[in-house]
Amino acid sequence: MIQFQNVSKKFSGLDGPVSALDQVSLTIEDHELFGVIGESGAGKSTLLRFINALESPDSGSVIVDDRTVNQLSKKALRQHQKEIGMVFQQFNLLSNKTVQQNTALPLNLHRYEHPLSVDQVLEFVGLSDKKNQYPAQLSGGQKQRVGIARALISRPKLLLCDEPTSALDQNTTEEIVDVLKKAHQEFGMTIVIVTHELGVIKELCDRAAIMENGKVVNMVEVKRSSTARNVKPYRERAMEVLSHD
Amino acid sequence: MTDFLSTYLERVSEFAPRMIESLGETGIMLSFAMIAAILLGLPVGTLLFLTTPGRPMSNRIFNSMLNIIVNIIRSFPFLLLVVAMQPVIRQIYGRATGDSVAASFPMIVIAIALYARFVEQSLLGVPKGIIETAQSMGATTWQLIWKFMYVEARSSLVIGFTTAVISFVSYSTIMGVVGGGGIGDFAIRYGYQRYETDIMYTAIILIIILVEIFQRLGLKLAKSIDKR
């Protein structure tokens with residue numbers, strides 16, 4: 001369980017401090033697929049980064065499984081981070097390492113009890129044949145699947161996704177959404193996903209927080225679209241959008 | 001033409017033993033500088049990077065001190081650095097002039113300061129997201145450096161090292177003032193001061209070839225390890 005209790009954070013801006021987050025309180029249950037949505041600058045990425053302490057709040061507390069994240073010692077913090085997977089907007093792969101080496105990175109940093117094998121996890125994201133390639137040889141969607149494989153290899157209890165599809169086109173976005181959905185079905189971890197793309201939340205999440213100016217303004221139970229979505233090739237979609245009024 | 005060529009070759013072979021000895025002296029000075037750049041310049045440059053406020057080992061005071069020291073060394077006219085270091089070298093090595101080892105001390109100092117800056121620049125070239133990624137995985141600072149930063153910066157580190165070594169060649173040419181010898185000193189003493197112009201140009205061409213070799217090797221290596 002993840003709890004935010006009256007969490008606030010200010011950044012120094014050009015005209016004095018800007019409130020990135022203002023007295024945010026919310027709870028995310030175990031195994032939940034939780035979305036955080038809002039416009040750029042609403043504070044959603046900052047909120048996500050509190051969970052694995054990439055940022056720390058000015059006041060309030062962030063509690064993950066009874067541990068107050070913003071009070072952990074350095075060593076305990078690394079232990080905490082070790083158990084959390086994270087997927088980034090810009091993928092953040094090491095360009096001088098192969099797909100295989102990138103995926104195995106977490107296992108080179110820590111000992112894990114029951115990690116997946118590189119082959120298993122690459123099979124899972126559908127990149128078995130790209131094992132020995134370098135990121136520069138992959139498409140955006142493939143790079144993000146490597147990012148997901150790297151996050152999954154340690155079988156994290158918690159997966160954080162920071163705008164995982166925002167650097168990708170729409171069809172690739174759906175591909176990534178499917179991989180995340182499948183990961184949730186298979187491993188059942190809690191997933192927190194931050195995005196400005198409504199479609200991604202609609203497809204993926206059970207519940208979502210809508211943020212505006214550093215505040216959670218609404219909490220919604222997401223009604224998943226019941227009809228199977230119809231994936232059209234990019235060309236058809238472009239024609240549809242551009243040639244109709 | 002054949003006449004000219006045969007006299008020239010005769011003169012070169014006459015000077016060859018001294019020239020080879022000079023190249024050996026240059027080799028000693030360059031080796032000391034290169035080893036110092038790797039063993040000390042690399043960690044100093046990494047510390048410059050890591051201790052900048054906002055980075056993993058953020059320490060404003062230490063960072064400004066290190067910056068000032070590096071800047072002082074780099075702004076010294078090199079000849080005056082050599083002179084200024086004489087007492088220190090005498091303390092450590094027993095003598096400050098007359099051989100290439102004594103002359104290597106200033107080379108070591110400038111090598112550390114120069115390569116440290118190149119290293120800092122290389123690390124600055126690594127995308128910020130990489131540090132964040134390492135942190136999100138719970139990496140220690142040591143792991144961040146070795147398993148992330150050096151991996152991503154490696155070809156830039158090699159190119160910086162190449163540029164640094166070429167500067168070392170240039171620095172080494174003035175070490176004749178303290179009797180350090182070297183091919184540059186040879187060009188000045190035999191070629192310039194004794195009006196043996198052909199010998200002077202021969203020595204200069206040797207230096208050019210040396211620089212060319214370093215540059216090509218460096219670029220080749222940098223390219224082969226760059227997968228970006």
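**The A–B interface, two lone cysteines and helix α1**

Between chain A and chain B, 12 residue pairs are in polar contact, with both partners at pLDDT 80 or more. The model is a predicted one, and what follows should be read with that in mind. On the chain A side, α2 (74-82), β6 (84-87) and α3 (99-109) each bring at least two residues to the surface that touches chain B. Of these elements, α3(A) gives the largest share, four residues. Sorted by class, this side of chain A comes out as 11 nonpolar, seven polar and five charged residues.

As for the extent of the interface, 23 residues of chain A are in contact with 20 residues of chain B. Together the two chains bury about 1900 Å², and 56% of that lies on carbon and sulfur atoms. A good part of chain A's contribution can be put down to a few names: L94(A), N96(A) and L109(A) supply 33% of the area that chain A buries against chain B, more than any other three residues.

Charge pairing across the interface is quickly told, with one salt bridge found between chain A and chain B. The partners are R49(A) and E132(B), whose closest N and O atoms sit 2.7 Å apart.

R49(A) also turns up in helix α1 of chain A, where it is listed among the buried residues. This helix spans residues 44-51 and is mostly covered, seven of its eight residues being buried. Alongside R49(A), the buried set takes in K44(A), T46(A), L47(A), L48(A), F50(A) and I51(A). So the list holds a lysine and an arginine as well as leucines, a phenylalanine and an isoleucine. After the helix comes A53(A), which has a positive phi, near 60 degrees.

What about disulfides? The structure holds zero of them over all chains. For C161(A), the reason is distance: the closest cysteine sulfur, in C205(A), is 9.0 Å away, too far for a bond, given that a disulfide needs the two sulfur atoms within 2.5 Å. Seen from the other end, the sulfur of C205(A) likewise has C161(A) as its closest cysteine partner, at 9.0 Å, so no bond is possible there either. Both cysteines are tucked away from the surface: C161(A) is buried, at a relative accessible area of 0%, and C205(A) counts as buried too, at 1% relative accessibility.

Definitions and conventions:
Residues numbered from 1 in each chain as written. Chains lettered and ligands numbered in written order. Predicted model: local features only at pLDDT ≥ 70, side-chain atom pairs only at ≥ 80, totals over all residues. Heavy atoms only, no water. Contact = heavy atoms within 4.5 Å. Buried area = accessible area lost by both parts, 1.4 Å probe. Salt bridge = Lys/Arg side-chain N within 4 Å of Asp/Glu carboxyl O. Polar contact = N/O pair within 3.5 Å; in protein donor to acceptor, adjacent residues only side chain to side chain. Nonpolar A, V, L, I, M, F, W, Y, C, P; charged D, E, K, R; others polar. Buried < 20%, exposed > 50% of the residue type's maximum accessible area, 1.4 Å probe, protein only.
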